[in-house]
Amino acid sequence: MVRFILRRLLQMVLAFFGTTLIVYALMFAGQGDPIQALAGERPVTEAQRAYLTEKFHLDRTGIDGFFYRYFDYIRNLLQGDLGESLTGRQIGDILAAAWPVTIKLALIAMAVTVLVGVTAGVLAGVRRASIFDNSTLLLTLVVLAVPTIVLAPIAQYLLGVRWQLFPPTAGADPDFYSLLLPGIVLGSLSLATALRLTRTAVAENLRADYVRTARSKGLVKRRIVGIHVLRNSLIPVVTFLGVELGNLMGGAIITEGVFNIPGVGFNLFRAIRTEDGPLVVGIVSVLVVVYLIANLVVDVLYAVLDPRIRYE
Amino acid sequence: MRGNRPTRGSERKAGAVSQSAVQPTPASPTPEGGHLLEVRDLHVEFRTGEGVAKVINGVSYHLDAGETLAVLGESGSGKSVTAQAIMGILDTPPAVIRSGQIRYQGRDLLAQSEEQRRQVRGTEIAMIFQDALSALNPTFPVGWQIGETLRQRAGMSRGDARRRAIELMELVKIPAAASRLGDYPHQFSGGMRQRVMIAMALALNPKVLIADEPTTALDVTVQAQIMDLLSDLRRDLRMAMILITHDLGVVAGVADRIAVMYAGRIVEHADVRSLYKTPAHPYTKGLLESIPRLDFHGQQLSTIRGLPPNLMRIPSGCPFHPRCPYVQQVCVDVVPHDLVLGDGRTSACHFAQEVRDDRAR
């Protein structure tokens with residue numbers, strides 16, 4: 001197991017360089033005149049141009065220059081310096097402010113997914129073809145069919161504006177309550193998938209031979225379902241949830257946009273819109289790391305849940 | 001036969017805490033005149049989207065304390081379904097028990113509540129299955145799975161259950177039992193896995209052990225070891241055993257009596273010796289003739305022609321008639337009753353005596 005984790009960490013280093021290189025290239029390689037892009041419509045004086053050329057190492061050109069700047073960027077990154085955004089703010093500061101909000105939002109969404117999704121999935125799986133099963137089937141279909149860009153504004157309008165159960169927007173430094181509705185909206189999609197996945201897994205495992213054995217041992221049904229079936233059914237669900245947590249941590253661009261939540265997704269969206277190259281690359285670089293770690297955690301959890309999987 | 005169990009008594013008591021406190025396990029727990037376990041005229045159907053399959057059509061058999069009954073038949077003959085009905089672990093739906101009785105120590109199990117039946121499972125009647133790999137939970141260590149029965153059913157502490165699980169694993173001759181407690185089912189060989197299953201079934205000292213094709217998934221050499229183990233354990237622990245199999249070779253050395261099943265009914269029932277020597281049902285006779293023999297070199301192996309019947313459309317009269325070499329018009333028209341042949345033998349064939357006396361094999 002230790003060897004597996006070490007190997008995966010090494011792979012993560014490769015993946016990290018690969019993804020950052022691609023994002024960096026996408027953002028900067030094709031730019032005609034980055035200094036003019038930085039200045040926008042305003043004219044740039046010779047002195048300014050000379051200063052910026054020096055600062056961004058633009059005196060080197062071609063592939064050689066690109067890689068020089070890329071490794072310069074990576075070197076700073078590894079020292080914890082994410083650089084400055086085009087607006088002059090430290091990217092590290094922007095992320096430090098945005099991250100806690102996104103994490104809070106992601107955890108709320110995750111809690112909703114696990115508590116409601118997995119619980120309802122187990123119930124639906126145990127009571128196949130019951131009213132409960134069929135109604136959850138219909139409901140999850142609806143949720144899966146409606147995109148967040150539609151679901152979020154509807155929830156915001158009905159629950160936030162019309163009935164005023166929740167604050168319609170979060171604003172700067174949001175508290176738990178104002179993040180609840182966005183969290184539920186964000187979680188509803190993964191909730192639906194988690195529910196369907198759990199239901200199928202439970203229904204399948206209930207027919208497994210080891211369930212027959214557990215019954216012949218004279219165990220009560222609650223224990224058979226709650227211990228034997230659940231443990232086996234959770235294997236695919238945990239895989240899904242882990243990947244999903246990585247997604248959620250990456251910030252929810254639409255949800256954060258609709259509810260005006262100053263999280264990572266919100267900032268990423270703004271950076272893309274304003275063509276703030278350094279900020280986009282900075283955020284994506286960190287997201288890559290978060291995603292890779294989430295995936296590693298899933299794989300480790302997978303082995304813990306299913307002893308047949310041994311990474312050696 | 002009365003009194004304490006001599007050799008393994010102390011060892012067994014640990015597992016029987018709750019139960020032996022209530023009743024002092026008499027050697028012959030059968031009420032006067034009755035059998036330990038008796039299936040009476042059992043009818044079971046499977047209701048599926050495609051129709052109703054009549055899987056069990058009037059099965060009756062009995063088991064006395066300490067004896068071994070072999071239930072023989074090909075796939076789909078209903079031998080496993082009968083066993084699962086006894087255990088009360090049939091999946092309902094699709095299975096429906098239409099009628100019949102399953103009497104254990106004089107009480108009809110089918111009339112009992114689910115909770116009462118759960119109490120019987122494991123403590124009175126235990127079962128082991130064909131494929132131990134899928135029958136064991138893949139995600140828990142074997143020691144935990146054996147111990148679970150002891151903790152949940154006998155109220156043992158974790159430590160006691162652990163110690164007892166090691167004893168049980170030693171009882172079924174798993175080498176280095178203590179060190180294998182934490183291993184998972186997939187880390188064992190097929191034979192060792194089946195031993196784990198047996199250890200688990202023995203945990204609560206059942207009086208009846210149902211072994212559902214316990215050696216079918218195993219290598220031939222391992223088959224013999226498992227059969228020997230089962231046979232020794234049955235004798236030492238004074239259990240009664242129902243051995244379900246389709247392998248005539250497995251039965252010979254172990255069973256006292258044999259019930260042969262075909263299309264959901266018992267077609268012949270006899271002690272082992274008579275059945276092998278003078279089969280009284282054409283189906284049994286066909287089975288025996290299709291065993292390869294070392295001394296019959298270069299001859300074509302005899303088979304039973306045709307296929308087992310579709311249980312949704314069981315043939316009229318005797319269900320075996322389309323495949324039977326003795327078939328007459330009466331076989332097509334009339335369902336044969338069990339013909340009593342003496343010595344406790346029965347055969348559900350219109351021509352049972354002729355078949356028995358027809359020695360031309």
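Axes are lines fitted to C-alpha atoms, for helices over the stretch in contact, and angles run from 0 to 180 degrees between N-to-C directions. The legends below describe close-up views of a predicted model.

**View 1. Packing of helices α5 and α10 in chain A of the predicted model.** Two packed helices are described by the angle between their axes and the distance between the axes. Here the axes of α5(A), residues 91–126, and α10(A), residues 221–249, come within 11 Å and cross at roughly 150 degrees. Because angles over 145 degrees count as roughly antiparallel, α5(A) is roughly antiparallel to α10(A). The crossing of α5(A) past α10(A) is right-handed. On the α5(A) side, the residues that meet α10(A) include A:Thr102, A:Ile103, A:Ala106, A:Ala109, A:Met110 and A:Thr113, with A:Val114, A:Val118, A:Val122 and A:Val126 also taking part. From α10(A), the residues facing them are A:Val225, A:Leu230, A:Val237, A:Leu241, A:Leu245, A:Leu248 and A:Met249. Sorted by class, this helix–helix contact comprises 15 nonpolar and 2 polar residues, and no charged residues.

**View 2. The two domains of chain A and the contact between them.** Chain A contains 13 helices and 0 strands, and its C-alpha atoms fill a box of roughly 85 × 55 × 30 Å along the principal axes. The domain assignment gives domain 1 as residues 16–78 and domain 2 as residues 91–305. The C-alpha centres of domain 1 and domain 2 of chain A are 38 Å apart. Domain 1 of chain A contributes 9 residues to the contact, and domain 2 of chain A contributes 9 residues. On the domain 1 side, the largest share, 7 residues, belongs to helix α1(A), residues 2–29. That side of domain 1 of chain A has 7 nonpolar, 2 polar and no charged residues.

**View 3. The contact between chain A and chain B.** In this contact, 19 residues of chain A are matched with 23 residues of chain B. Helices α9(A), residues 209–216, and α10(A) each supply at least two residues of the chain A side. The largest share of that side, 6 residues, comes from α9(A). By class, the side of chain A that touches chain B has 6 nonpolar, 5 polar and 8 charged residues.

**View 4. The two domains of chain B and the contact between them.** Domain 1 of chain B covers residues 33–255, and domain 2 of chain B is made of residues 282–294 together with 301–357. Their centres, taken over C-alpha atoms, are separated by 29 Å. The contact involves 8 residues of domain 1 of chain B and 7 residues of domain 2 of chain B. Strand β2(B), residues 51–63, gives the largest share of the domain 1 side, namely 5 residues. The residues on that side of domain 1 of chain B divide into 4 nonpolar, 2 polar and 2 charged.

**View 5. The four-stranded sheet of chain B and the helix lying across it.** An open sheet of 4 strands has the order β2-β1-β4-β5 in chain B, with antiparallel pairing. Strands β2(B) and β5(B), residues 107–108, stand at the edges with a single partner strand each, so one side of each has no neighbour in the sheet. Strand β1(B), residues 37–48, is joined to β2(B) by 10 bridges, and the two strands run antiparallel. Within this pair, B:His43 stands opposite B:Asn57 of β2(B). Helix α3(B), residues 79–87, lies across β1(B), β2(B) and β4(B), the last of these spanning residues 95–104. The helix α3(B) runs at about 110 degrees to β1(B).

**View 6. The eight-stranded sheet of chain B.** A further open sheet of chain B is formed by 8 strands in the order β6-β7-β8-β3-β9-β10-β12-β11, and its pairing is mixed. The edge strands are β6(B), residues 125–128, and β11(B), residues 339–342, each of which pairs on one side only. Neighbouring strands of this sheet are turned by 20 degrees against each other on average, direction ignored. At one edge, 4 bridges join β6(B) to β7(B), residues 208–212, and these two strands run parallel. B:Met127 stands opposite B:Ile210, a residue of β7(B).

Technical notes:
Residues numbered from 1 in each chain as written. Chains lettered and ligands numbered in written order. Predicted model: local features only at pLDDT ≥ 70, side-chain atom pairs only at ≥ 80, totals over all residues. Pairing = 2+ DSSP bridges. Parallel < 35°, antiparallel > 145°, perpendicular 65-115°, else oblique. Left-handed = near helix turned anticlockwise from the far one by under 90°. Nonpolar A, V, L, I, M, F, W, Y, C, P; charged D, E, K, R; others polar. Domains from an automatic or database assignment.
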